[in-house]
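The following report describes the fold of two protein chains, moving from their secondary structure to burial, surface and one helix in its surroundings.

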Amino acid sequence: MKDICEQNNACNVDQHSFKAYLSRWMAATTQMAPFTYDIIAPLLLSSAKAAVAQCTGAPTGNVCGLKWYLNGTWDGTAGVGQQMAALEVVLGTMVGHATPAVTNTTGGNSASNPTAGYNSSNIPPGAVVTPATKADRAGAWLLTVLFSLATLYTWYFMNTSSFEWSKPTIGGSTGKHGRTISTMDMGSSGSTVVAGALEKDRGIVGNGKEAVLVNGEKRHSNVLTKNQPERASVFSSTGIFPSDAGNGHRKSASYGSGNAQRNSIRSLPPVVERDGRERHTERRRRRSTGVHSARERRVESRFKEEDMPSRLD
Amino acid sequence: MMSYYVGNQYGQTPGILPGPYYWWEAGAMWGAMIDYWHYTNDTTYNDLTMQGLQWQVGPHNDFMPPNASASLGNDDQAFWGMAAMAAAEYKFPNPLQTQPSWLSLAQAVFNEQTGRWDTQFCNGGIRWQIYQITGYDLKNTISNGCFFNLASRLARYTSDDLYAQWAEKAWNWLWDIGLIDKNYNVYDNTEADRLNCTTIDHAQWSYNAGTMLMGASTMWNYVRATLSIQLSSSKSVFSNTKSN
C-alpha cells in the first residue's frame, strides 16, 4: 500500500495518515460485503507484515515510518499518521474475529435524533430520486463493490513493490509503473528507480505529461525530525510561508514561489518547476490540495516550537 | 500513537493533537482508537476517547467547535462524524444522558452537509471547505466521499431510506462529474467557481478510494438487507394467500 507522495518524500502531515483510512475501510468492507473478504484479507495481511517490519525507528525501536515497501527498513520519519496507518492495517488483519457493525435492530442503542445539527430546518429537499426497485439497487451496488475492488486491487498491485510480493519485479523496468496512477509518469526517466529503494533520489512526479523533477540528496523528510535547526525553521516566522511576505500574494501566485521554501522547511530537496501549470499541480497536490497557506498560516501562528510533539524528545 | 496526545494533560485541550497536526486528524485518531478497542477489547484508551470526542462536539453538537473553524472543511467535520458513527456501530459505551449520543452526532454532520449541497455550480456536490477560505472553490472527493460514507452507514443503522437516497445522489454526482471514472479510478478534486467542474485533478489518494469502497459495500449490505425483508414479507403474503 503506497501513496503517491511517498517516494519523493513529498507527503505532508495530513497525507502521512491516509493509508490508515484505506486500511480501516478495507477491513470494514469485508464485513459489509462478505464476498470481498477473500480478496481483501490477503492484501491487508501482506501490507500489515510490510508495515510492521519497518516499525523499527529510533529512539524506542518501534517507531513506524510510512514507506512500507522498504523491506523492513525504517524511512526515518515519525508521526501520528505513520503510527495510525500501521495500527489500522494491523487491526485490519483481525477483522475476521471482530463483530460486524450493528444496526438499531441488531443491538445498536445509540439514541437517534433525525433533526440533529444546527439550522437543520434549512435543509433543502433531497433530489427526487425515482426509486429503483430494491433488486435493481442491490444488483447495482453489488456490481459497484466488485468493480471498485477490482480497481483497487489493480492500483494496489501496481504500487506494491518487492517486500510485499517477494520478487523485486514491480517497477523494475520502464513502463511497468502503475499507469493507473496518472500522476506517476516514470516512463521518461530512462533508468527507473524502484520507489525509495535508492535514497539517492531522482524521482519524477508529475501530472500527466508534465513532470516535476525532484533532485536531492539523502535526507529525512521527518516533520518531527530531531534536527534542531530544521525544527526551528518550521515554526519560525521568518517569512517561510508565502503569506508571511506580506506583499499581497496570498493566493495562487504564492504557491509556486513558495515551493522551494516550503519543501526546505521539511528538509526536502527543492522542487524545480518548469512552468505555471506545474505550479498549479504542485499546489493541488496538498491534502486534496492547496489550502496550504491558510492552514499553515494557522499552524505558524498558533504553535510555537515548544508546542511540537514531544515524542522524540 | 497515543504518546503524541497531550490533550489530557494539565492546561491542554482535550480531543485535539498538538501542532503540526490539524484538528481533523485527531478525529480520525479517535476513530482509530474505537477500532482499536473494538478489535482488541482493550479498554485502556476508552476514557480518553470518550472525553476527546465529546469535548469537540461544539455548541451545536455537530463537531463544529469554534476553535476549529479556521480550517474546518466538510471532510474534517466528517472524519469526526464517522468516528461517532463507528462508536454507535461498534457499541462503544454511550456518553452521559446530558451529552449528545454517538448516532445523533453523526446525524448532525449529515444533516448540515445536506444543507451544503450546492447546485449553483457543477450541478451538485458539496464543497471542500465550509467557510469561504482557501479551498472553498473546490469540490473534492474526500468531502463528498465521506458524506457518501456517512450517509450509507446512517441508512444501514437506522433503516431510514432518506439517507440511502442521499448516498446514491452523492455517488451519482461523483460519477457524473468524473471524479470516479468508468474504470472506477477515484480522483481527487475539481474546481467549481471558475471552471464549473469541467476539469479534474487526477491525483489518486488511497483514502479517496477507501471511503468510496466503504460506502459502496455498506450500500450493498443495506439494500440487500431491506430486500430480504421485503422478500420474506412477500413470501409470507404468498403463503398466506395459499393457505387462504
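From the N terminus on, the elements of chain A follow one another as α-α-α-α-α-β-β-α-α-β-α-α, which amounts to nine helices and three strands. The model is a predicted one, and every value below is computed from it. Chain B, for its part, has seven helices and three strands, arranged along the sequence in the pattern α-α-α-α-β-α-α-β-β-α.

The table sets out like quantities for the two chains.

| Quantity | Chain A | Chain B |
|---|---|---|
| Buried share | 54% of 313 residues | 68% of 244 residues |
| Share of contacts (separation of 6 or more) between residues 24 or more positions apart | 58% | 61% |
| Exposed area | about 13300 Å² | about 8400 Å² |
| Share of the exposed area from carbon and sulfur atoms | 57% | 50% |

The overall dimensions of chain B can be considered next. For its 244 residues a compact globule would have a radius of gyration near 18 Å, and the value of 20 Å for chain B agrees with that. The C-alpha trace of chain B spans about 75 × 50 × 30 Å along its principal axes. As for charge, chain B carries 12 positive and 20 negative charges, whose mean positions lie 11 Å apart.

The three strands of chain B form an open sheet in the order β1-β2-β3, with antiparallel pairing. Because β1 (138–140) and β3 (200–201) of chain B stand at the edges and each has a single partner strand, one side of each is left without a neighbour in the sheet. Between strand β2 (residues 189–191) of chain B and β3(B), the antiparallel pairing extends over two bridges, and T190(B) has I200(B) in β3(B) as its bridge partner. In general, the strands of a sheet pair through backbone hydrogen bonds, in either a parallel or an antiparallel sense.

Among the helices of chain B, α2 deserves a separate look: why is helix α2 (residues 46–55) of chain B largely enclosed by the rest of the structure? Seven of its ten residues are buried, where buried stands for a relative accessible area under 20%, and so helix α2 of chain B is largely enclosed. The buried residues of α2(B) are N46(B), L48(B), T49(B), M50(B), G52(B), L53(B) and Q54(B). The cover over these buried residues includes three other helices of chain B, namely α1 (23–40), α3 (74–89) and α4 (102–114).

Definitions and conventions: Residues are numbered from 1 along each chain as its sequence is written. Chains are lettered from A and ligands numbered from 1 in the order in which they are written. This is a predicted model: local features need pLDDT of at least 70, side-chain atom pairs count only at pLDDT 80 or more; totals for chains, interfaces and linings use all residues. Side-chain values use heavy atoms; hydrogens and water are left out. Buried means under 20% relative accessible area, exposed over 50%, partly exposed in between (1.4 Å probe, protein chains only). Helices (H or I, at least four residues) and strands (E, at least two) are DSSP runs, numbered from the N terminus. Contact means heavy atoms within 4.5 Å. The radius of gyration is taken over C-alpha atoms; the globule rule is 2.2 Å times the number of residues to the power 0.38. Accessible areas come from the Shrake-Rupley method with a 1.4 Å probe; for residues, only the protein chains shown count as cover. Lys and Arg count as positive and Asp and Glu as negative; His and the chain ends are not counted. The place of a charge is taken as NZ of Lys, CZ of Arg, CG of Asp or CD of Glu. Two strands pair if DSSP finds at least two bridges between them.
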